[in-house]
Amino acid sequence: MFSVNAEKCIGCGLCVKDCFPRDIEMVDGKAKINNVTCMKCGHCIAVCPKAAVSTDDYDMDEVKEFSSEEFSISSDNLLNFIKYRRTIRQFKDKEVEEDKLIKIIEAGRFTQTGSNLQDVSYTVIRGENLKTLKDMTFESLKVIGENMLNDPSPEMSRYKRYAQMWLDMYANYKQDPKNDKIFFNAPSVIVVTANSDVSGALASSNMELMTNALGLGTFFSGFFVRASQNSKEILDFLNIEPGKQVVTCMIVGYPSVTYKRTVPRKSASITWK
């Protein structure tokens, strides 16, 4: 429940103005939160000039006062940081520290979600469990590939190159487990699940930025997402909550390659109206 400390409240009305679901009203010159249509988004906590708003739904110790030194980054530096990031498929034989994995997940946890549902979940796989997940993933893609190659329908023809690729990858992995063209022998995997694809994707995008800020590398494995969609075994292994789906799979490790510069991209497709 959200509440207002009447002694601290100066009746400025900023929280009332900023409350999208209109759950706050002014009573006798003080803000009053009704907790009826409240989305628990916390805008009232963030906007109050006197820190008069609090909640027992979340940990208020996580609230930090704004300071330009700690919270600001120049737009040019941010854009360059985004331009410089690369998808990584070459990793060192080095474990990723747990505190860094938690920090990556924190970047996802504080990303906006639709209606503030905060419906994004994270599964971290390492060690022997990662070996088990690899085996299941290669097996699932093998089955998908075989089914695709045996499907004579014209609409399936465009995907058959992937089918053959998955069968070749499976054969190579079985011959030598180090020949891993899905996880690339990275030490850690974070599977992001959510009720909403958008919420999971937004969280994953911020997680990627944090991964790079920590000196780590990552790439999103679309092949794993495809494998999971066709494998109850994988979903059961990951303990996916009912109603949620795998949105992204982040392969995380220390990169064994260093890039010297950014790369060019197509011009943006923009329509001004």
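1. Helices here are DSSP runs of H or I with at least four residues, strands are E runs of at least two, and both are numbered from the N terminus. On that basis the chain has ten helices and eight strands. The model is predicted, and local features are considered where pLDDT is at least 70.

2. Overall dimensions. The radius of gyration is 23 Å, whereas a compact globule of 273 residues would have a value near 19 Å. Along the principal axes, the C-alpha atoms fill a box of roughly 75 × 50 × 45 Å.

3. Burial and surface. Buried residues make up 37% of the 273 in the chain. The accessible surface is about 17000 Å², and carbon and sulfur atoms hold 51% of that area.

4. Contacts and charge. Among contacts with a separation of 6 or more, 76% join residues that are 24 or more positions apart. The chain carries 35 positive and 35 negative charges, and the mean positions of these two sets lie 8 Å apart.

5. Main nonpolar core. The largest nonpolar core contains 32 residues, and L133, F183, V189, V191, F224, L238 and I251 have the most contacts inside it. At least two core residues come from each of α6 (127–149), α7 (160–175), β6 (188–194), α9 (222–229), α10 (232–238) and β8 (245–253). Helix α6 is the biggest contributor, giving seven residues. There is also a second, separate core of 16 residues, with V96, V120, A194 and M207 among its members.

6. F183. This residue is one of those with the most contacts inside the largest core. Once neighbours within four places in sequence are set aside, the contacts of F183 are F91, L130, L133, K134, T137, V189, F224, C249 and I251. Of the residues named for their contacts inside the core, L133, V189, F224 and I251 appear in that list.

7. F184. The loop between α7 and β6 holds F184. Phi of F184 is near 55 degrees, which is a positive value in a residue other than glycine. Is F184 buried or exposed? F184 has 18% relative accessibility, and the cut-off for buried is under 20%, so F184 counts as buried.

8. D28. Phi of D28 is likewise positive, near 55 degrees, and D28 is a residue other than glycine. D28 sits in the loop between β2 and β3 (30–33). The relative accessibility of D28 is 78%, and exposed means over 50%, so D28 counts as exposed.

9. V27. Strand β2 (residues 24–27) includes V27. With a relative accessible area of 34%, V27 falls between the limits of 20% and 50% and is therefore partly exposed. How far apart are the C-alpha atoms of V27 and S188? The separation is 53 Å, for two residues 161 positions apart along the chain. S188 falls within β6 (188–194), one of the elements that supply the largest core.

10. A163. Helix α7 contains A163. A163 is buried because its relative accessibility is 0%. Which residues does A163 touch, not counting those up to four places away in sequence? They are G145, M148 and L149. For M148, the C-alpha to C-alpha distance from A163 is 6.2 Å, at a sequence separation of 15 residues. The residue range of α6 (127–149) covers these three partners of A163.

Note on methods. Residues numbered from 1 in each chain as written. Predicted model: local features only at pLDDT ≥ 70, side-chain atom pairs only at ≥ 80, totals over all residues. Heavy atoms only, no water. Rg over C-alpha atoms; globule rule 2.2 N^0.38 Å. Buried < 20%, exposed > 50% of the residue type's maximum accessible area, 1.4 Å probe, protein only. Contact = heavy atoms within 4.5 Å. Areas by Shrake-Rupley, 256 points an atom, 1.4 Å probe, with all protein chains shown as cover. Lys, Arg positive; Asp, Glu negative; His and termini not counted. Charge placed at Lys NZ, Arg CZ, Asp CG, Glu CD. Core = buried A, V, L, I, M, F, W, Y, C linked by side-chain atoms within 4.5 Å.
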